[in-house]
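New to this one? Have a look at the sequence and the model first, and then we can walk through it piece by piece.

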Amino acid sequence: MAERSTAAVDVADNSGDEPLAAKADEATTDGTAEAQESAGTSPQDADDERSSPEAASATPDLHSGHRLAQRYRLEECVTRLDGFSSWRAVDEKLRRAVGVHLLPADHPRARSVLAAARSSALLGDPRFVQVLDAVEEDDLVYVVHEWLPDATELTALLASGPMDAHDAYQLVSQISQAMAAAHREGLAHLRLTPGAVLRSSTGQYRIRGLAVNAALRGITSDGPQRADTEAIGALLYAALTQRWPYENDAYGLSGLPKGVGLIAPDQVRAGVHRGLSELAMRALANDGATASRQEQPCTTPDELAKAVAAMPRIRPPEPTFTAPPEYQRTTYQQGTYGHPSARPGAPVTKPVMATPPAPLQSRTGKVLKWAVSALLIAALGLGSWQLAETLLNHDNDPGDPGSTQTNPSNGDKHAPAPTKPLRIADANEFMPSGSGIKQQLAPNAVDGDASTAWITPRYKGYANFGNYSNRRDGSGIVVDLGSVQSVAGIKVTMYRSGQKAEVLAADVGASAPSSLSDFPQRLTKLETVGSDLKTTLDKPVRTRYVLIHITELPSDGTSNGYRGGISEISVLG
């Protein structure tokens, strides 16, 4: 199984929800509408479940320091529940933190967990926490996944209060698009809770436990699409109100008052964005409930994603600036320096300032004044003469090729507007075959430091990535601008000159492009480039995703070795 190297997060959601009794291998199927489980127990209840004798007897008796496959060293047990355990571990081969799920090979859900993990790994979507390995070995089944130490759970974000409209919009937009892509591949989550959603330091949301978390707990649904859609609606509801949209408290959030039913978010808390409130109700509408304006309920993640896209874009709040303090004059400027302060009640008298002598009254001063005056007159005369000569030459020769003025009536074009670097929200490795090369190094290409780079491994014999079939379409870096922008140019610093590369852009409506056909707009032609790849477009291109595509690598200085990479990317707009 392909290894992907990024930092990561705990896969085990230890919120302690009771598992539903059903077949786990149905957790990866697709269908239509039914609701997800409405509430869970508190994190404190997870400790009680973790210590139950029945669960402990079925869980593999492992300890910190145990090694799996002579590679993964277990560090800390995060969850021990219902015959399986989840650990924070270290991949000693790649020297990175990973998460590991463990359960006995004879566990009734072992086959389902392996199938779910392998299906999830094949998706290869960076919006999900990636499964790195799924193995049955020595009477154990274990699943290895990414661990994201810099990401924050949605549970922790909501503990500090409800989100503003822009953050809530980003949450529902990114999560619904990601789950729509997963369902198109036949994968469902079925346990999409606040503990399964993570926000990175760049503001991107990632989903953990796709198919695997449900398989571990035996959760299934006859309508996985409806279940995941309602779960996204519950997340949006919680983000807007800091309340769980069911009667029971869950995930550190208070539930709704008992007996009143589902209340629209803008009726729970003042100031909630009306459009997002209605969207949450459309996703949660079930068993006869309808949205506040009678729109049709959203029953699939794809319908929800389209409803979000149809909304007017919600801009981030304007930054608030604190006014600087009023300027205070110093005691010297106030004329009191060196004078004692008046006694209370005594009349205030202003100090008598001595009249300073007139400047430059001496003989030397007079000579200096005349010299400066003469220089100013000479400079003024010379400047006037040069200006007059320039204007006369321009009138006598209007077709002078050296003229910098433009005349639209003669077909002259206006000078292009100056460009500036656009903000880059994220960068990921281009993986058309579903397997990465050095995915963990992709952020190095956009970190503003030319001394760090995304670098390929060394390939032998052939410049086209070793002539491997899974590298037929090459590789490169996909830059995410966060939203659709007008791209006027690009500047790329290559790790080594001699690479055959091109720059492509996705369509305006593209979402998570992953193949060459997803990038139909060509910004540069495919050619061998030097240490820099630069271009300024005659007409700006509207796009969110830009691909720096590499098809052939240069020699690494050995007889048959090839290696390339990208040091820094700057997109201009």
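What follows is a quick tour of some sheets, a helix and a surface patch.

Keep in mind that this is a predicted model. A good place to begin is an open sheet of six strands with antiparallel pairing, in the order 1-2-3-4-6-5. From there, the tour moves to helix 5, then to strand 14, and ends at a nonpolar surface patch.

**The six-stranded sheet**

- Strand 1 (67-68) and strand 5 sit at the edges of this sheet; each has a single partner strand, so one side of each is left without a neighbour there.
- Strand 3 and strand 4 run antiparallel to one another and are held in register by seven bridges. One opposing pair here is aspartate 91 and arginine 96, the latter in strand 4.
- Strand 4 (residues 96-104) also pairs with strand 6, again in the antiparallel sense and over seven bridges. Among the partners, leucine 103 is matched with valine 141 of strand 6.
- On to strand 6 (residues 140-146): seven of its seven residues are buried, so you'll find this strand mostly covered.
- Strand 5 (residues 131-137) pairs with strand 6 too, antiparallel and over six bridges. Here valine 135 faces tyrosine 142 in strand 6.
- Those two strands, 5 and 6, make a hairpin with two residues between them. Aspartate 138 is in the turn, and its phi is positive, at about 50 degrees.

**A polar contact from strand 3**

- Serine 86 belongs to strand 3 (residues 84-91). Is this serine buried or exposed? Serine 86 is buried, because its relative accessible area is 1% and the cut-off for buried is under 20%.
- The side chain of serine 86 makes a polar contact of 2.7 Å with the side chain of histidine 101.

**Helix 5**

- Helix 5 (residues 165-184) has 20 residues, and at 1.5 Å a residue they should span 28 Å; the end C-alpha atoms are 29 Å apart, which agrees.
- How many of the 20 residues of helix 5 are buried? The count is 16, so the helix is largely enclosed by the rest of the structure.
- At the N-terminal end, aspartate 164 acts as the cap of helix 5, with a side-chain oxygen 3.1 Å from the backbone nitrogen of histidine 166.
- After helix 5 comes glycine 186, which has a positive phi near 80 degrees.

**Strand 14 and its partners**

- Strand 14 (residues 500-505) is another mostly covered strand, with five of its six residues buried.
- Strand 17 (residues 532-552) runs antiparallel to strand 14, and six bridges join them. Leucine 504 is found opposite leucine 547 of strand 17.
- Strand 15 (residues 521-522) pairs with strand 14 over two bridges, in the antiparallel sense. Leucine 504 turns up again here, opposite arginine 522 in strand 15.
- Strand 16 (residues 527-528) is an antiparallel partner of strand 14 as well, over two bridges. Lysine 500 has threonine 528 of strand 16 as its bridge partner.

**A nonpolar patch at the surface**

- Leu368, Val372 and Leu376 make a nonpolar surface patch of about 290 Å².
- Valine 372 is part of helix 11 (residues 363-396). Its relative accessible area is 43%, so valine 372 counts as partly exposed.
- As a general point, an α-helix has 3.6 residues a turn, so residues three or four places apart point the same way.

Notes:
Residues numbered from 1 in each chain as written. Predicted model: local features only at pLDDT ≥ 70, side-chain atom pairs only at ≥ 80, totals over all residues. Heavy atoms only, no water. Buried < 20%, exposed > 50% of the residue type's maximum accessible area, 1.4 Å probe, protein only. Helix = DSSP H or I, 4+ residues; strand = E, 2+ residues; numbered from the N terminus. Pairing = 2+ DSSP bridges. Patch = residues over 30% accessible without salt bridge, like charges linked within 9 Å, V, L, I, M, F, W, Y side chains within 5 Å. Areas by Shrake-Rupley, 256 points an atom, 1.4 Å probe, with all protein chains shown as cover. Salt bridge = Lys/Arg side-chain N within 4 Å of Asp/Glu carboxyl O. Expected span 1.5 Å × (residues − 1). Polar contact = N/O pair within 3.5 Å; in protein donor to acceptor, adjacent residues only side chain to side chain.
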